[in-house]
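Student: Hey, can you walk me through this one? I'd like to start with the rings.

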Amino acid sequence: MKHCWFHLMPYTELPDDFRDKHESVWVDIDSKLFDPERAHHMYNDHLDEMEFAADVGFDAVCVNEHHSNGYGLMPSPNLMLASLARRANPNTALCVLGNSIALYNPPTRVAEEMAMLDCISGGRLIAGFPVGSPMDTCYAYGQNPSQLRERYAEAHDFIKKAWTDPETFSFNGRFNQQRYVNIWPRPVQKPHPPIWVPGGGSVETWRWCAEMEYVYCYLSYYGFQAAKATMKGFWDEMDRLGKDRNPYRAGCLQFVGVAESEAQAKEIYAEPAEYFYDRCLRVSARFANPPGYVTEATQRAGVESQIAAAANNSENGVANTSALPGIQKAQSINEIRKDGFTKNAREFDAIVENGYVIIGSPDQVAEQLREIIHELRFGQLMLLLQFGNMTKEVANNNTKLYAEKVKPLLSDVWSEWENHWWPKPMSLAKRANINDANNTLAAE
Amino acid sequence: MTEPIENYIDVSGYKCRVWSKGKGDRIGFLPGFGGLPKWIPFLDILAEDYEVVVPSIPGFPGGLGHNNYDNHLEWLLAIHDLLQESKLLDKTTIIGSGPGASLCADIAALWPSLIKKLCLISPWGIYSDNEPMADPWAQRAHEVSELMCDNPELWNNLKSEPAGKNSVEWPIEQSRALEASARIFWPLGNTGLEKRLRRVCCPVLLLRGVNDKVIPKSYMKTFSKNISGQTTTKEINQAGHLAELDQPDIVAKEIMSFVSL
């Protein structure tokens with residue numbers, strides 16, 4: 001089992017009345033709410049938290065990309081990872097989940113920066129290739145939703161070729177034409193860093209991950225209950241395709257709050273959880289479903305994007321999904337599933353009850369995680385141990401308790417399986433001793 | 001209201017529906033945002049005096065192949081072929097609405113000798129920083145109808161599924177139409193048409209609903225100022241962006257008056 005410490009890097013000081021006075025945390029969030037001098041502290045706290053997570057033994061630290069977003073301060077996750085590549089525990093993998101590769105023209109930039117990160121870190125990079133949310137890609141970055149997936153596919157081909165082709169080559173794509181592609185540096189890991197693909201519940205994405213031998217990551221803010229159907233669909237598809245059931249093919253995200261007791265956990269984590277689900281997930285339905293973002297195949301399958309659901313749940317309106325048959329019939333503002341699960345909980349009891357956040361003593365948390373890890377069958381567990389407006393002190397306590405008291409209880413999980421999708425770094429002996437001021441220059 | 005004759009033509013290897021109805025001089029219509037999943041009263045009125053020919057833009061209801069086109073040149077060639085195959089590029093009058101109007105204007109700019117007269121209803125294709133065009137792709141479901149029509153029920157009726165239609169494919173077709181318009185006009189509706197308008201030398205009737213919430217009034221002045229041919233601008237009362245839906249009689253009357261001059 002791999003335990004990956006994931007950070008969204010939220011802006012932690014959205015006002016109490018944010019939901020009442022602001023329509024969206026994303027795309028057109030009010031810039032007057034942003035205080036750069038406070039953000040200076042937030043960035044440094046968040047980086048401290050990630051370094052701490054690496055120090056206490058998490059297998060990886062993870063960053064991701066968001067734009068014009070009040071709960072994600074990482075327009076450039078590669079900048080964050082560059083800092084961590086130098087300062088974090090050298091035994092910790094570095095996961096960027098990822099770069100929205102359709103946004104970069106030419107995609108050379110992504111191939112280069114990820115190769116840089118792999119070199120700086122000595123081969124510890126996990127390369128995430130998300131399509132990206134509609135808010136980030138189509139609205140904040142203006143990408144055409146009708147071309148987004150075509151551009152994504154082409155950028156993927158471009159980057160992989162840039163990493164693996166030893167010769168200078170020309171790339172003659174639909175959207176990218178380059179006479180000379182010859183990135184410098186090249187990644188340490190051969191043929192390239194492991195590739196993880198965050199996605200929704202699209203059958204095409206599952207098939208593609210299987211075909212390419214990539215990890216499929218379901219990053220839901222709604223916890224394991226929301227992920228059940230998606231992960232069942234993923235494994236059913238793997239079975240149909242004749243793939244093995246190696247749990248490391250899949251990753252899932254879970255919010256967790258650990259304390260000495262359940263009562264203490266409730267006391268500690270109620271505020272940051274409510275901050276996240278009340279303020280951070282207030283996304284305008286206007287930005288949830290640009291036409292073309294959801295493929296026709298997925299529309300037919302009736303699979304609802306979790307982002308549309310988040311938006312639907314977040315305000316006095318629903319996303320413009322009325323043209324989509326599956327979505328139309330899925331979530332509305334107050335829908336509650338037959339099993340009682342809902343995606344619109346904003347108060348702590350309901351947040352916990354619905355499984356968005358798992359809380360409790362170390363034993364309680366480990367027991368719950370063990371159950372969902374097996375039920376959903378995934379080997380790459382991404383943990384949000386800082387969420388909402390959680391302070392650095394609380395986040396570090398949560399991180400430490402998890403690393404020292406929860407992680408060991410799960411050490412046997414999936415031990416019979418090999419993780420083929422984990423970085424293969426240079427040995428420590430061969431790596432630069434970057435923290436030693438008296439060390440000779442690495443290049444000597 | 002009787003049904004039109006339905007034919008299909010090939011555009012770049014994809015089928016596109018062409019509706020026609022009526023007798024007389026041929027007149028073409030390229031539809032507005034969302035396309036035409038149904039024949040509309042406005043076309044029936046025109047069909048009383050003309051042979052009305054309505055080709056489907058690729059991706060709009062009745063047309064396929066929008067994902068085949070990656071840039072504006074490819075789109076304009078496809079629209080040229082669509083109109084040519086529909087026999088609308090033989091000194092014919094063409095009406096366009098919204099995105100369809102923008103494409104008509106571009107065809108007239110690129111091939112000025114092929115168009116007799118143009119009628120542009122709230123045309124897209126230009127953009128003003130001072131008065132931005134509304135974003136039709138960033139709306140809640142209930143807001144789209146209010147954005148498109150002065151009487152939102154007219155949009156809802158146009159988009160509602162007829163009894164007996166396949167319940168899966170109908171809404172996908174409506175969604176595809178929005179995607180096709182986005183593929184051409186994302187993100188601002190601006191295709192740089194303003195620079196090409198000087199090449200439009202035929203007479204042009206510019207129509208806009210007084211209550212159009214998508215295209216600002218000033219855009220009509222920009223069209224009028226830049227088009228080389230003679231232009232006439234008319235505003236339609238109690239009409240929104242799709243004035244042909246809100247006021248079919250008045251819009252048809254203005255067009256017929258313009259065509260007969």
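Tutor: Sure, a definition to begin with: rings of Phe, Tyr and Trp (its six-membered ring) pair if their centres lie within 6.5 Å, and planes under 30 degrees apart count as stacked, over 60 as edge-to-face and the rest as tilted. This is a predicted model, where local features need pLDDT of at least 70, side-chain atom pairs count only at pLDDT 80 or more, and totals for chains, interfaces and linings use all residues. Residues are numbered from 1 along each chain as its sequence is written, chains are lettered from A and ligands numbered from 1 in the order in which they are written, and side-chain values use heavy atoms, leaving out hydrogens and water.

Student: How many aromatic pairs are there over all chains?

Tutor: The search finds 33. In one of them, A:Tyr222 and A:Tyr356 sit edge-to-face, 5.1 Å centre to centre with 80° between the planes.

Student: Are those two buried or exposed?

Tutor: Both A:Tyr222 and A:Tyr356 are buried (under 20% relative accessible area; exposed is over 50%, partly exposed in between, with a 1.4 Å probe and protein chains only).

Student: And what about B:Trp124 and B:Phe185?

Tutor: They're an edge-to-face pair too, 5.3 Å centre to centre and 75° between the planes. B:Trp124 is buried at a relative accessible area of 0%, and B:Phe185 counts as buried at 1%.

Student: Switching topic: what share of chain B is buried?

Tutor: Buried residues are 60% of its 261 residues. Chain B also exposes about 10200 Å², 47% of it from carbon and sulfur atoms (Shrake-Rupley method, 1.4 Å probe; for residues, only the protein chains shown count as cover).

Student: How far does its C-alpha trace span?

Tutor: About 50 × 40 × 35 Å along the principal axes of chain B.
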